[in-house]
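Dear colleague,

I am passing on to you the model that we talked about, with the sequence alongside. Please open both before reading the notes that follow.

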Amino acid sequence: MAAVVHLTLLLLPFVLRGSVLVASATDVEFVTTVSPFSAGGTVRNATDDPSTPQTTSVSTSTTSRPVPQQEEEDEGPLELASRSIRSVAKKPKVVLKKRRVIAKKSKVVKKTKPQVKKRGGQSGAGGTGTLPQCPPLGLESLRVKDDQLKASSYKRRGLGPHRGRLNIQSGIEDGDIYDGAWCAQYRDKNQWLEVDARRPTRFTGVILQGRNSIWSWDVVHSYKVQFSNDSVVWKPCMNGTKEAVFEGNQDAETPVLALFNTSTVARYIRINPQTWYQNGTDGSVCLRAEVLGCTLPDPHNVYAWQTEPTESRDKLDFRHHNYKEMKKLMKSVHDACPDITRIYSIGKSHMGLKLYAMEISDNPGKHELGEPEFRYVAGMHGNEVLGRELLLNLMQFMCQEYKRGDQRIVRLVKETRIHLLPSMNPDGYEMAFKKGSELAAWAFGRYSYEGIDMNHNFADLNSGMWTAIELETDPSKLINHYFPIPEHYTSEEAFVASETRAVINWIQDIPFVLGANLHGGELVVTYPYDMTRDWAPREHTPTADESFFRWLATVYASTNQVMSNPDRRPCHNNDFLKYNNIINGADWHNVPGSMNDFSYLHTNCFEVTVELSCDKFPHASELPTEWENNRESLLVYMEQVHRGIKGVVRDRDTGAGVADAVIKVEDIDHHIRSVADGDYWRLLNPGEYRVTVTAEGYFPSSRTCQVMYDLYPTICDFNLTKVPAPKVKEVLAKRGKLAKDLQFRLRQQRLRKLRVTTKAINQRRAAAAAKRAKRV
């Protein structure tokens, strides 16, 4: 008999595959162990009693961790679709021998490590089968519509059930229609938030957050879950023979995951708070949530194919790629299309990760006369990951279509030099990636390793420009382009991220004409200026090229399938539909030191910011849909680099190109300059323009250029005549033009100094890293 009991104890963990139950349910205490799902996030399991101590959480339980730590970087993304969780029974302390037996057998469970890592390690009904882990239903990404959310009660419309979405952000003012959670009107245990999946769904878990507010602190500490097929009869989620109680939040922003011990198939699910932060009499029952579930075929739906989600028709690698996987994918694209691609690094992050870019051109590695340079930059905020994946998809797509002979792509490749930088902040991305798509919260991984927000880290050139405008009495002495970097910004002590320095050097080396900066967390396209003139919280602050910037923003927004949907709901606390999904950056919020403003004032490049989705870190299952939403927008925006005029400024006598010639368009107070070979590009809307070109040592030249509606630039070449040598100094000194030339030289000097200090900083970091490696 003893042998039979001993054999049963050996086999029991393998039979249940996730939890060990003893005969008496009252003696069971579930202790969560580390799983690949958590990866640094917070994972909670059910407890029998809401008063059970917090020792049942991952963050404090260290005695029962048979599962190995998180996977290596190249193991793939820590997606919800590949997570699992297990529970181990804990015997009463009086049965000491029993505790030792179970602890010893945990080694046997550890040997089954490959099975735990398999996709879908959660046990099914009865614990005898393995079912795949389920993705989010889409409360955060808005796939779940407002009318699918109901509640027992709510305080006001701004705190209604439609606001109970994971990571939703509140407005500045309490009491408006954009608050940061669902909040029940009453403070009792009978309150609930209900989600209608609209189809039979296998529910596997819930993710909970507290209320987002700068004025209030409201979190749910524990809750129950119920299921229903008709919203009338409800079945509780069980933990053995008792109703399960799940551990909730201890702060308002950290997402806490709870996986059910047994998945349940139903249509409706309710979250029923049991305890919450009281704060005397002021605490409220408030929460934000996401539900994990796999939709199942509906046997009553004869036309099921009509309700199935459509996958992308493009055969691309739709998943999240960590740093190593990103390098492998870029290399695979280059290997497939070596004649039109080139991979290069523009610098390194603080932690030494290279900032890889891919060039796509018919002559990679070389600037061709008259061919404009275009760039997409993604991942400035490490946790805003959709742009990164879209650029990786774009690389694959353009390679495939070019080989297939798609004339639109062939023309883009032959007439444009395209640069794609998928990850400007790889350090921040790796942090967010290890948390996972739903557990990275709103800001984890946003900043660089040094804690720098790179969207505020470029040199503030706006303030100097506006100060000069206020102080200068002679407008002809003012400059309106190629502003030099401030002296303090070039020092080694300046708080400038390594990644920012690398990008500044990059945009100096390549004469970009047009670009876009891909972000996430909203659905809108913003254009310069991003900084308000008087440091107001928000104020419309246009550039001299306001009309063309509005055109650029409209091109992307109007072709994006989600932005252009008139029936879509706002993401968080701004309704950009009333602005046609475009807005002046400063009119949204004040952003000093943005890359858009820096590019416009310091270089020839025009740039906008694209906020791609409400969800900063969408689940991998949503990436095909996001590609379909943005594919046309990405392509048509690139084509805008061919609008306006272009040409070459040459010496009339020698035919050589004239570099740094100033191209002025009448009535537009923003000039550009020709590049090393004398070629230039001036983005303009259709119309007739009077263009004047000036250069040091040459007489000015003017002509009228007509810009048509076609996607072809108007050619406007200029041949300049040299000024006789005795008159050069007189011409330069006249009307303050000598001062302008000195200003340009100051710009070049500051750039050289910035590069010297950047090199010194990088050398120190490399030496320090080498010393650390040697010690290890």
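**Cavities and a buried strand**

Searching the whole structure, which is a predicted model, turns up 5 cavities of 30 Å³ or more. I looked at the second largest cavity, which holds about 60 Å³ of space. Its lining draws on several stretches of the sequence: E140, N167 and N383 take part, as do S437, E438, L439, A440, A441 and W442, together with D615, K616 and F617. Sorted by class, the residues that line the second largest cavity comprise 5 nonpolar, 3 polar and 4 charged ones.

The other item concerns strand β22, which spans residues 524-527. Are its two faces covered or open? Both are covered, with V524 and T526 buried on one side and V525 and Y527 buried on the other.

Strand β22 also has two pairing partners to report, namely β24 and β23. With strand β24 (residues 606-611) the pairing is antiparallel and runs over 3 bridges, and here V524, one of the buried residues of β22, stands opposite E611. With strand β23 (residues 582-584) the pairing is parallel, again over 3 bridges, and V525, which is buried as well, stands opposite I582. Between β22 and β23 the chain passes through helix α10 (residues 546-559), and this β-α-β crossover is right-handed.

When you go through the model, you could begin with the residues lining the second largest cavity, including W442 and F617, and then turn to β22 and its pairing with β24 and with β23.

With best regards

Methods: Residues numbered from 1 in each chain as written. Predicted model: local features only at pLDDT ≥ 70, side-chain atom pairs only at ≥ 80, totals over all residues. Heavy atoms only, no water. 1 Å grid on protein atoms, 1.4 Å probe; cavity = no way out; pocket = protein on both sides within 12 Å on 5 of 7 lines; lining within 4 Å. Points joined across faces, edges and corners; volume = space filled by probe spheres on them. Nonpolar A, V, L, I, M, F, W, Y, C, P; charged D, E, K, R; others polar. Buried < 20%, exposed > 50% of the residue type's maximum accessible area, 1.4 Å probe, protein only. Helix = DSSP H or I, 4+ residues; strand = E, 2+ residues; numbered from the N terminus. Pairing = 2+ DSSP bridges. Right-handed = clockwise from strand over helix to strand, strands pointing away.
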